[in-house]
Amino acid sequence: MFLNRPLISLLEFLGVDTQRIIELQDDDICKAQSVRLSCTDASKVMQQHGMGASFHLPSLFSNLSSILQLEIGDTEDDPSLWTNKLIESSLCCAETHILRELKYRAHIAVPGSYTLIGVSDEWGCLKEGEIYATVFDERTGFVQRITGKVAITRSPQIHPGDLQVVTAVHRPELDHLMNVVVFSCQGERALASCLGGGDLDGDTFNLILDPRLLPTKHFKPGEYTAATIKTTLRACGISDVADFVINYDPSCTECVRLANFASQALDFPKSGTPVNFFSIPWLPRSQPRPDFLAKEGDDITSKQFYNSPKLLGQLYRRVPMRKGIPTAWNGNHSPSDGATVNVALSRAVSLHNLGLSNMTHPSGELFEEMTYLLNAYCEQLLIIGQAHTISKNKAVHVSEAELVSGTITANWSDHQRQKNAVAAMNLQTRELVRRVRTEFQGEDPQTPETEAYEEDEDYEDFTFHEESEQRVMVETFKRSLTAWCVAEDVLEEDSSKFGAQSFGLIALGRMLEIVKASRLMM
């Protein structure tokens with residue numbers, strides 16, 4: 001789970017060890033800056049933050065290190081390093097994004113803590129003030145039964161009582177429940193409702209296990225009086241629906257005085273009763289704001305802001321920021337340094353022993369097919385880049401590095417709009433890369449499609465024989481290798497070709513995945 005600004009304000013108010021939060025932030029800053037130090041670190045950090053997923057960057061970095069023993073860097077400093085300008089720029093984008101989230105959103109990771117969906121104890125084995133939670137990682141097989149004192153909360157935190165300390169216990173009757181937090185059904189008031197008026201209809205809850213983040217003060221949960229249900233004397237029409245949509249605004253602040261208004265706003269979809277905005281206290285526009293509330297691009301040295309002595313102010317000022325948007329490559333040579341990869345492949349991988357084709361130049365027909373695929377890919381990637389730039393100039397587009405890393409580095413005044421733009425961009429690049437990888441996928445040349453499986457066989461239960469799988473992998477590797485060669489040739493002719501570098505990375509990533517899978521089959 002990750003901390004955020006409302007939760008940090010609440011933790012500070014409840015007397016937790018603020019030095020521990022500073023330590024966690026320092027760890028995140030170091031991890032963000034480590035993405036350019038090693039492929040292993042880059043893989044871990046980008047996977048943790050969900051970056052580069054469309055282009056399978058975490059897997060690519062991991063395989064570069066484990067299979068090719070390559071690291072990213074400047075060959076002028078170390079000839080053994082791989083100088084790939086797109087990867088270097090993508091890692092800079094990733095570092096900028098993580099640091100920006102730390103600075104402007106206080107997005108700080110809490111190791112060993114979890115965000116889980118809440119469910120009720122239908123077996124009646126939990127007492128009041130008890131919860132049950134068992135975490136299971138399907139990828140690693142790791143199982144953790146959570147026991148002892150745990151801080152539990154739910155976003156958004158707007159009241160001092162929105163964080164409570166409970167006792168996590170183990171009950172054999174609940175062992176079948178994984179990756180959920182089970183709430184007791186006993187007591188005068190449901191624990192979920194004590195956490196910002198939550199319930200168990202899909203709400204998620206944060207479990208903080210770090211003993212240094214357990215509060216030393218206790219506050220009674222907020223009493224949120226339910227708003228009256230809006231009724232009409234006639235059947236609802238389209239005008240009522242329009243009024244409902246216009247009045248719906250689930251915004252809230254950290255101020256305790258506004259907690260009830262926030263709860264009422266969040267319940268508007270259920271009650272239909274909007275908040276009376278004339279009853280909300282507003283601060284004068286001329287009053288200076290704390291520096292941690294500055295938006296990206298604001299001048300915090302102006303009289304509009306002051307250095308906040310609060311923990312959030314300290315955290316804000318501790319985060320260093322990288323400035324600048326990645327620029328297109330304008331050198332007179334290829335920015336991909338493909339020769340280093342070719343040498344590493346020949347040195348570290350025995351393609352013949354793995355049953356894969358040698359590093360020979362592909363056939364003209366296949367080369368032509370992959371050239372057509374590259375051009376189509378570059379055209380679509382440019383369209384995506386143009387669709388998600390903040391500029392209104394049609395000639396301006398999101399850089400290839402930003403598309404690959406999965407972030408937009410330009411300063412947006414509206415964080416939610418930026419978040420939506422990034423999500424839409426990544427959705428489109430994910431689909432584009434998926435289609436390209438599908439074109440790389442080989443078919444068994446010795447098995448006609450009509451004979452792939454017998455009609456009387458259940459297709460879901462059908463599996464290829466090992467020899468057939470090997471032939472498919474060889475064909476996939478050959479097609480991916482050809483795509484890699486096409487990208488390298490294009491970059492030699494036109495080093496500034498938009499999309500060619502990332503096309504080559506997609507091909508290289510697929511090649512290394514095949515090598516890894518072939519080793520496992522030996």
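**Strand pairing, helix packing and salt bridges**

Q: Leaving aside neighbours within four places in sequence, which residues is Leu116 in contact with?
A: This is a predicted model, where local features need pLDDT of at least 70, side-chain atom pairs count only at pLDDT 80 or more, and totals for chains, interfaces and linings use all residues. Residues are numbered from 1 along each chain as its sequence is written, while side-chain values use heavy atoms and leave out hydrogens and water. With contact meaning heavy atoms within 4.5 Å, and neighbours within four places skipped, Leu116 touches Ala133, Val135, Asn179, Val180, Val181, Asp203, Thr204, Phe205 and Leu207.

Q: Is Leu116 buried or exposed?
A: Leu116 sits in strand β3; strands (E, at least two residues) and helices (H or I, at least four) are DSSP runs numbered from the N terminus. On the scale used here, buried is under 20% relative accessible area, exposed over 50% and partly exposed in between (1.4 Å probe, protein chains only). At a relative accessible area of 6%, Leu116 is buried.

Q: How far apart in space are Leu116 and Phe205, C-alpha to C-alpha?
A: Along the sequence, 89 residues separate Leu116 from Phe205. In space, C-alpha to C-alpha, the separation is 5.4 Å.

Q: Which strand runs antiparallel to β3?
A: Two strands pair if DSSP finds at least two bridges between them. With β8 (residues 180-183), strand β3 pairs in the parallel sense over four bridges, and Ser120 has Phe183 as its bridge partner there. On the antiparallel side, Thr115 stands opposite Asn206, and four bridges join β3 (residues 114-120) to β9.

Q: What angle do α1 and α10 make where they pack?
A: Arg5, Ile8, Ser9 and Glu12 of α1 (residues 5-13) meet Leu311, Leu312 and Leu315 of α10 (residues 311-318). The axes (lines fitted to C-alpha atoms, for helices over the stretch in contact) are compared by their N-to-C directions, from 0 to 180 degrees. They lie 9 Å apart, at an angle of about 130°.

Q: How are α1 and α10 oriented to each other?
A: Angles under 35 degrees count as roughly parallel, over 145 as roughly antiparallel, 65 to 115 as roughly perpendicular and the rest as oblique. With about 130° between them, α1 and α10 are therefore oblique.

Q: Which residue forms a salt bridge with Asp210?
A: A salt bridge here is a side-chain nitrogen of Lys or Arg within 4 Å of a carboxyl oxygen of Asp or Glu, and the whole structure has 20 of them. For Asp210, the closest N and O atoms are 2.7 Å from those of its partner, Arg20. Asp210 lies in the loop between β9 (204-208) and α7 (238-247), so the bridge ties parts 190 residues apart in sequence to helix α2 (residues 18-33), the home of Arg20.

Q: Which residue in helix α2 pairs with Arg318?
A: The closest N and O atoms of the Arg318 salt bridge are 2.7 Å apart. Arg318 belongs to helix α10, 292 residues away from its partner. Arg318 is partly exposed at 38%, and so is the partner, at 25%: Asp26.

Q: Which residues are joined into one network by salt bridges that share partners?
A: Arg212 and Glu23 form one of the salt bridges, with closest N and O atoms 3.1 Å apart. The shared-partner network is made up of Asp17, Arg20, Glu23, Asp210 and Arg212.
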